[in-house]
Amino acid sequence: MQHLRSHHHRRCTRSLRPPTQFYNLGDGHTAVSEGQELIDIGKPIARAITGGTVPFKNASGEAVQKLLGFNVTAGVNLRFRLKVDDFRADLL
């Protein structure tokens, strides 16, 4: 984990490098987001939805990601909320 010390000597974290994330929405549909990730448990961060496969080819919007914690294999448990604009609902 990357930690910073503030001028108040309390520990705070910073965002990590911005990865691309792909969301498998079933039936061959995928949405894509770009943006920062936080390593703070329970703190949400917004990411930009930048497209995907049909019907999300020209999608935009916001993906909010929250780190819920770590599992027994040292992997992360995350929750995502997608608010998608400009997608082809008729193709779902």
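User: In this structure, what is the relative accessible area of phenylalanine 80?

Analyst: The model is a predicted one. Phenylalanine 80 counts as partly exposed, a label for residues that fall between under 20% and over 50%. Its relative accessible area is 32%.

User: Which residue forms an aromatic pair with phenylalanine 80?

Analyst: The structure holds one aromatic pair. Its ring centres lie 5.1 Å apart. The partner of phenylalanine 80 is tyrosine 23.

User: How are the two rings of that pair arranged, stacked or edge-to-face?

Analyst: A pair of aromatic rings is described by the distance of the centres and the angle of the planes. Here the planes of tyrosine 23 and phenylalanine 80 stand at 75°. Planes over 60 degrees apart count as edge-to-face. The pair is therefore edge-to-face.

User: How many residues apart in the chain are tyrosine 23 and phenylalanine 80?

Analyst: Tyrosine 23 belongs to strand E3 (residues 20-24), and phenylalanine 80 to strand E7. The pair thus links distant parts of the chain, with a separation of 57 residues.

User: Is tyrosine 23 buried or exposed?

Analyst: The relative accessibility of tyrosine 23 is 9%. Buried means under 20%, so tyrosine 23 counts as buried.

User: Which six residues make up the largest nonpolar core?

Analyst: Tyrosine 23, already met in the aromatic pair, is one of the members. The full set is Tyr23, Ala31, Ile49, Phe56, Ala59 and Ala63.

User: Leaving aside neighbours within four places in sequence, which residues does alanine 59 contact?

Analyst: Alanine 59 is one of the residues of the largest nonpolar core. Among its contacts is Ile49, which is also listed in that core. The whole list is Ile49, Thr50, Gly51, Val84, Asp85, Asp86 and Phe87.

User: Which strand gives the largest share of the nonpolar patch on the surface?

Analyst: Leu25, Ile41, Phe70, Val76, Leu78, Phe80 and Leu82 form this patch, with about 570 Å² of accessible area together. Four residues of the patch come from one strand, covering residues 76-85. That strand is E7.

User: Where in the chain is isoleucine 41, and is it buried or exposed?

Analyst: Isoleucine 41 is in the loop between strand E4 (30-34) and strand E5 (44-52). Its relative accessibility is 53%. Since over 50% is exposed, isoleucine 41 counts as exposed.

User: How many strands does the chain hold?

Analyst: The pattern along the sequence reads β-β-β-β-β-β-β. There are zero helices, and the number of strands is seven.

User: What percentage of the residues in the chain is buried?

Analyst: The chain has 92 residues, and its accessible surface comes to about 6300 Å². Of that surface, 52% belongs to carbon and sulfur atoms. The buried share of the residues is 29%.

User: Which proline follows a cis peptide bond?

Analyst: Most residues other than glycine have a negative phi, and most peptide bonds are trans. The bond that starts from valine 54 is cis, with omega near 10°. The proline on its other side, in the loop between E5 and strand E6 (60-70), is proline 55.

User: What is the phi of aspartate 27, and what is that of alanine 74?

Analyst: Aspartate 27 lies in the loop between E3 and E4 and is exposed, at 78%. Alanine 74 sits in the loop between E6 and E7 and counts as exposed, at 66%. Neither aspartate 27 nor alanine 74 is a glycine. Phi is positive in both, about 55° for aspartate 27 and, for alanine 74, about 70°.

Note on methods:
Residues numbered from 1 in each chain as written. Predicted model: local features only at pLDDT ≥ 70, side-chain atom pairs only at ≥ 80, totals over all residues. Heavy atoms only, no water. Patch = residues over 30% accessible without salt bridge, like charges linked within 9 Å, V, L, I, M, F, W, Y side chains within 5 Å. Areas by Shrake-Rupley, 256 points an atom, 1.4 Å probe, with all protein chains shown as cover. Salt bridge = Lys/Arg side-chain N within 4 Å of Asp/Glu carboxyl O. Helix = DSSP H or I, 4+ residues; strand = E, 2+ residues; numbered from the N terminus. Buried < 20%, exposed > 50% of the residue type's maximum accessible area, 1.4 Å probe, protein only. Core = buried A, V, L, I, M, F, W, Y, C linked by side-chain atoms within 4.5 Å. Contact = heavy atoms within 4.5 Å. Phe/Tyr/Trp six-rings, centres within 6.5 Å; stacked < 30°, edge-to-face > 60°.
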